[in-house]
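Visitor: I would enjoy a close look at one part of this model, the nonpolar core. Could you take me through it and then show me how the rest of the chain sits around it?

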Amino acid sequence: MAKKEKAPKKKRLTKVEKEAAREVKAEKRAEAKRTRVASTPKQQAKIDAQDKKEKAKYEARLKKAADKEAKRASSGKKKKLKTYQQRQNRTGYAFMAPWIIGFLVFTAFPFIMTIYLSFTNVKSTIFGYDIKWNGVSNYYTAFFKNEKFLAALLSYLQMIIPYAFIVVVLSFIIAYLLCKINVGKGILRTIYFLPVIIMSGPVMSQILTVQSAGTAEASAEAISTNAYSNIFIMQIIESYSPGLASGLAGIFDHLSIILWFTGIPIVLFINGLQKINPSIYEAAKIDSANAWQIMWKITIPMLKSIGLIITVFTVIQLGMYDSINPVYELIEKATEDTNGGLGFAATYAWIYSFVALIIIGIVFLLFRDRKPKDIKARQKQEKKLKKLEKQQKRRLAAQKRHQKKEAKLYGK
């Protein structure tokens with residue numbers, strides 16, 4: 001018996017091939033209809049009308065298929081983009097997860113607990129801490145009954161404002177000069193950054209304690225002997241404002257401490273100065289600008305963001321040492337007192353944090369980018385135009401609604 005030969009399998013046509021086959025069939029039908037001989041003009045008109053209808057149907061079908069394909073393609077791209085963005089977000093959050101957990105556990109939770117404990121009386125007992133709610137009595141005691149707290153807060157404000165200003169200005173001047181020097185630049189930068197390495201341990205606190213004790217004795221001697229009265233400029237300032245003269249004398253006494261805090265600001269300012277494009281300076285010199293104008297019109301405005309970071313960093317850093325910040329010393333002493341002192345420590349800490357946040361807010365206002373007057377006026381005009389456009393759209397929408405209502409009522 002001879003084996004029957006298997007019929008070859010038909011190939012599956014793709015969408016494009018199917019569409020091409022349909023087009024060929026349609027063209028064949030149209031040609032067959034065209035070749036038909038009409039016996040009368042009426043039959044010819046009917047044939048022409050049928051041809052037009054079929055052509056219109058075919059074009060509509062093609063358009064529909066193209067629209068569907070376009071929709072599928074666009075939806076597929078969006079999905080791919082969404083998935084890619086989700087992947088990127090996941091990797092970003094995965095890298096940030098350790099920091100977020102650390103922030104929530106070691107910063108956010110203690111901060112909220114400090115606010116809660118500031119309204120309580122906390123005592124250490126055999127069974128743990130006994131926490132009792134006492135309202136705002138801790139704040140009342142801090143402001144009206146405790147003589148040391150307000151005095152410490154005022155001395156902190158008297159210290160932080162001039163110290164932060166001098167640290168920022170001195171670090172900018174030193175960084176500017178270091179960028180101009182060509183010989184021995186690396187050695188000088190290392191020398192100025194050495195205090196940062198020393199400040200990272202208990203050595204700095206010991207140095208500050210000794211320095212503050214020495215400056216206290218020196219200031220006591222200066223009051224009795226008028227150590228700065230021989231300087232002509234100090235005599236002029238003292239005759240004009242004795243308070244300003246005493247403040248400057250205090251700054252001179254603590255100048256060595258102030259210089260210890262200029263390490264990181266100098267490095268940050270050098271980084272910012274090196275990022276400024278030299279072609280800007282060349283263009284300014286071509287326009288006959290001198291060094292003073294270049295510094296005030298180009299250098300300082302372009303270092304505003306770095307100056308903001310440095311000022312905030314300096315305000316926070318200066319408050320971390322109890323030898324120059326009496327409020328921090330009070331917080332430490334209240335924390336050590338287990339017989340009801342933890343509530344006061346939380347109160348002092350929260351008031352100090354609030355004052356520090358106010359100072360940082362003022363710093364943000366000082367360093368914010370101020371827009372020119374013409375840009376502000378243009379923005380105001382744009383806002384007015386947008387408001388007018390919105391009002392006009394609302395009126396037109398209200399008119400359309402009213403017309404629809406009238407058409408429903410009286411149109412029939």
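Guide: Here is a walk from the chain as a whole to its core, and then outward to some other places.

Please keep in mind that this is a predicted model, in which local features need pLDDT of at least 70, side-chain atom pairs count only at pLDDT 80 or more, and totals for chains, interfaces and linings use all residues. Residues are numbered from 1 along each chain as its sequence is written, and side-chain values use heavy atoms, with hydrogens and water left out.

The protein chain holds 16 helices and two strands; these are DSSP runs numbered from the N terminus, with helices being H or I of at least four residues and strands E of at least two. Of its 412 residues, 24% are buried, where buried means under 20% relative accessible area, exposed over 50%, and partly exposed in between (1.4 Å probe, protein chains only). The chain exposes about 31400 Å², with 63% of that supplied by carbon and sulfur atoms; the areas come from the Shrake-Rupley method with a 1.4 Å probe, and for residues only the protein chains shown count as cover. Take the contacts (heavy atoms within 4.5 Å) between residues at least 6 apart in sequence: 66% of them join residues at least 24 apart.

Now to the part you asked about. A nonpolar core is a set of buried Ala, Val, Leu, Ile, Met, Phe, Trp, Tyr and Cys residues joined through side-chain atoms within 4.5 Å. The largest one here has 31 residues, and those with the most contacts inside it are F149, Y156, I160, F261, L318 and V327. At least two residues of this core come from each of α3 (137-145), α4 (147-180), α9, α13 (304-318), α14 (326-336) and α15 (341-366). Helix α4 gives the most, with ten residues. Y156 makes a good viewpoint: leaving aside neighbours within four places in sequence, Y156 is in contact with V315, N325, P326, V327, Y352, V355, A356 and I359. Another core lies apart from this one; it has 14 residues, among them V168, A175, L273 and M295.

L273 takes us to helix α10 (residues 263-275), where the buried residues are G263, P265, I266, F269, I270, G272 and L273. The 13 residues of α10 reach 19 Å from first C-alpha to last, close to the 18 Å expected at 1.5 Å a residue; the expected span is 1.5 Å times one less than the number of residues. In the loop between α9 (255-260) and α10 you will find T262, which is buried at a relative accessible area of 1%. Apart from neighbours within four places in sequence, T262 is in contact with V167, L170 and S171.

For contrast, try the strands. Strand β1 (residues 120-125) and β2 run antiparallel and are joined by six bridges; two strands pair if DSSP finds at least two bridges between them. A hairpin of two residues links β1 to β2, and V122 has I131 in β2 as its bridge partner. Strand β2 (residues 128-133) is hardly covered, with zero buried residues among its six.

Finally, visit two exposed residues. K55, in helix α2 (residues 41-117), has a relative accessible area of 54%. S288, in the loop between α11 (278-286) and α12 (291-302), is exposed at 61% relative accessibility, and its phi is near 60°, a positive value in a residue other than glycine.
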